[in-house]
Amino acid sequence: MVDAVVVGSGPNGLVAANLLADAGWSVEVLEAQDEPGGAVRSDRGVHPEYVNDLFSSFYPLAAASPVLARLDLHREGLRWSHAPQVLAHPLLDGACAVLDRDRSATAAGLDRFAPGDGESWLSLCRIWDRLGENIVDALFAPFPPVRAGAVLAARLRAAGGLRLARSLVLPVRRLGEEEFAGAGGRLLLAGNALHADLAPEAAGSGGFGWLMSMLGQFHGFPAPVGGAGALTAALVSRLQRRGGSVRCGQRVTEISVRRGRAVGVRTETGEAVPARRAVLADVSAPGLYGALVAAEHLPGRLLDDMRRFQWDFATFKVDWALNGPVPWSSAAAASAGTVHLAEGVDELTRCASQIARGLIPDRPFLLVGQMTTTDATRSPLDTESAWAYTHVPHAVKADAGPDGLTGGWDAGERERMADRVEQQVERYAPGFRSRIRARRILSPAALQDADANLRNGAINGGTASMHQQLVFRPVPGTGRPETPVKGLYLASASAHPGGGVHGAPGANAARAALRSAWGTATVLSAARRLPARRGRTGREAAYRSK
């Protein structure tokens with residue numbers, strides 16, 4: 001019998017397993033798919049000469065994460081690579097907002113949109129200079145972040161107090177209008193906010209857009225050399241060297257509860273896997289409560305709250321093997337790892353409004369990844385491994401475009417939607433479609449089939465909106481990983497602090513399990529035996545290699 005069973009081998013599950021193993025626990029990770037990684041995987045399924053990431057690709061939150069920094073994954077062979085520029089947002093007139101890891105270069109580009117906007121950007125950077133490390137510490141700490149929160153509160157007062165707090169809860173449209181006269185800075189903020197399901201008019205989207213922009217400015221959007229799967233391989237290797245194990249093809253169908261306590265799990269083959277101390281679930285909140293854990297073991301109020309749980313947007317993704325670089329009209333977009341495609345903030349609003357009304361967008365906002373530009377190992381010389389994804393409604397009412405899409409996503413609808421995505425790229429890169437050597441289409445259903453946590457391709461474990469964050473994540477309560485079942489901990493992106501590859505939900509769940517089993521004093525003793533945390537300079541150096 002192992003001390004702990006971890007359900008799911010996504011990054012949060014693997015981080016949790018590693019931390020438990022560091023503390024001397026025996027750990028077994030059970031994964032439903034045939035390979036580990038959850039939404040951090042890569043393959044050669046588009047073309048044998050090209051490496052494509054199935055889901056996530058760029059990891060600014062990983063670059064900033066103190067959780068991952070402590071694991072020293074470079075010792076497992078993990079290396080990171082950066083594109084020459086972090087992000088670009090081209091427009092049809094040839095203008096292009098560019099986020100560069102050199103803040104002065106970013107600022108100079110924004111000044112070309114409107115004189116003075118460069119200084120406005122540098123002002124936002126100086127706020128991050130003062131608060132960034134404290135924000136990251138508070139964000140990734142178990143909730144409530146008492147110590148880190150107190151430090152952040154003190155520094156927040158010194159950095160502007162209520163005025164700064166007001167800016168961070170603004171809708172990103174308003175924040176952009178207050179800070180920038182031209183379109184460039186507004187586009188960088190708003191496009192980054194749309195990495196989550198936050199419309200430009202949503203409260204708090206300004207703070208999220210600023211956070212993602214500053215992560216890109218200070219840490220870049222790094223990608224693992226060789227593919228996203230290299231990050232998973234490093235986590236698995238580290239765990240195995242500490243005696244832990246990962247078993248794939250083991251779909252868990254039930255968490256066994258006895259006298260109010262989780263005592264193990266049962267797989268779809270009927271195998272019972274007991275756990276001496278804890279079960280940690282790297283599964284979505286709806287996949288845990290009332291599904292893996294029978295309703296009879298849960299409070300009625302929790303089940304009622306789960307009926308109000310809101311997913312983030314569904315996702316439609318296309319992967320490509322290109323026989324040449326993307327022929328962008330704006331040359332500045334060619335050297336960016338990530339490219340945002342929407343003709344201004346108004347088009348971002350239009351797209352988000354269509355999704356909110358159940359319409360498949362006719363001109364979808366695209367996030368495009370140029371992976372060979374970022375990491376030359378991904379495809380042959382002078383080619384590009386690329387992808388684009390966009391968001392669609394979970395429940396489709398109609399198609400805002402001319403193709404009559406219903407959201408059934410049969411073969412014909414998948415092809416027509418992929419064509420629509422490619423036509424949007426063609427607006428900004430004429431001739432793009434002539435360079436497609438092969439493509440793979442991942443509809444919302446296909447994304448969910450490949451990772452059950454991605455309900456219709458929802459990539460953040462639930463909405464990032466304010467009503468489902470902090471003490472409201474995943475439901476109103478404490479914002480902590482503990483569940484009503486003793487010995488069971490929620491370790492997925494459905495828990496605080498939410499989506500992104502940073503490992504915090506898994507780390508928080510592992511710490512809660514240790515605290516419960518051993519008591520606070522023993523946890524502190526165990527923590528002293530873990531690898532020491534690197535300072536900010538060391539963390540940045542680890543991710544700035546190319």
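This is a short tour of the structure above, going from the whole chain to its cores and then to two strands.

Before you start, note that this is a predicted model, in which local features need pLDDT of at least 70, side-chain atom pairs count only at pLDDT 80 or more, and totals for chains, interfaces and linings use all residues. Residues are numbered from 1 along each chain as its sequence is written, and side-chain values use heavy atoms, with hydrogens and water left out.

**Stop 1: the whole chain**

Show everything as a cartoon. You should find 20 helices and 20 strands; these are DSSP runs numbered from the N terminus, with helices being H or I of at least four residues and strands E of at least two. The radius of gyration is 22 Å, close to the 24 Å from the globule rule for 546 residues, so the chain is as compact as a globular protein of that length. That radius is taken over C-alpha atoms, and the rule is 2.2 Å times the number of residues to the power 0.38. Along the principal axes, the C-alpha atoms fill a box of roughly 65 × 55 × 45 Å.

Now colour by burial: 59% of the 546 residues are buried, that is, under 20% relative accessible area with a 1.4 Å probe, protein chains only.

**Stop 2: the cores**

Select Trp121, Trp128, Trp210 and Met214, which have the most contacts inside the largest nonpolar core, a set of 49 residues. Such a core is made of buried Ala, Val, Leu, Ile, Met, Phe, Trp, Tyr and Cys residues joined through side-chain atoms within 4.5 Å. Helix α5 (residues 117-140) gives the most to this core, with 9 residues. Apart from it lies another core of 40 residues, including Val67, Ala234, Leu235 and Leu239.

Then centre on Met214. Beyond its neighbours within four places in sequence, Met214 is in contact (heavy atoms within 4.5 Å) with Trp121, Leu124, Cys125, Trp128 and His219.

**Stop 3: Ala275 and Ser256**

Next, pick Ala275 in strand β12 (residues 272-281). Ala275 is buried, with a relative accessible area of 6%. Which residues does Ala275 contact, leaving aside its neighbours within four places in sequence? They are Met1, Val2, Asp3, Ala4, Val5, Val263 and Gly264.

Finally, draw a C-alpha to C-alpha distance from Ala275 to Ser256: 9.6 Å in space, for 19 residues in sequence. Ser256 lies in strand β10 (residues 252-258) and is buried, at 17% relative accessible area. Not counting residues up to four places away in sequence, Ser256 touches Arg261, Ala262, Val263, Gly264, Val265 and Arg266.

How values were computed
Buried < 20%, exposed > 50% of the residue type's maximum accessible area, 1.4 Å probe, protein only.
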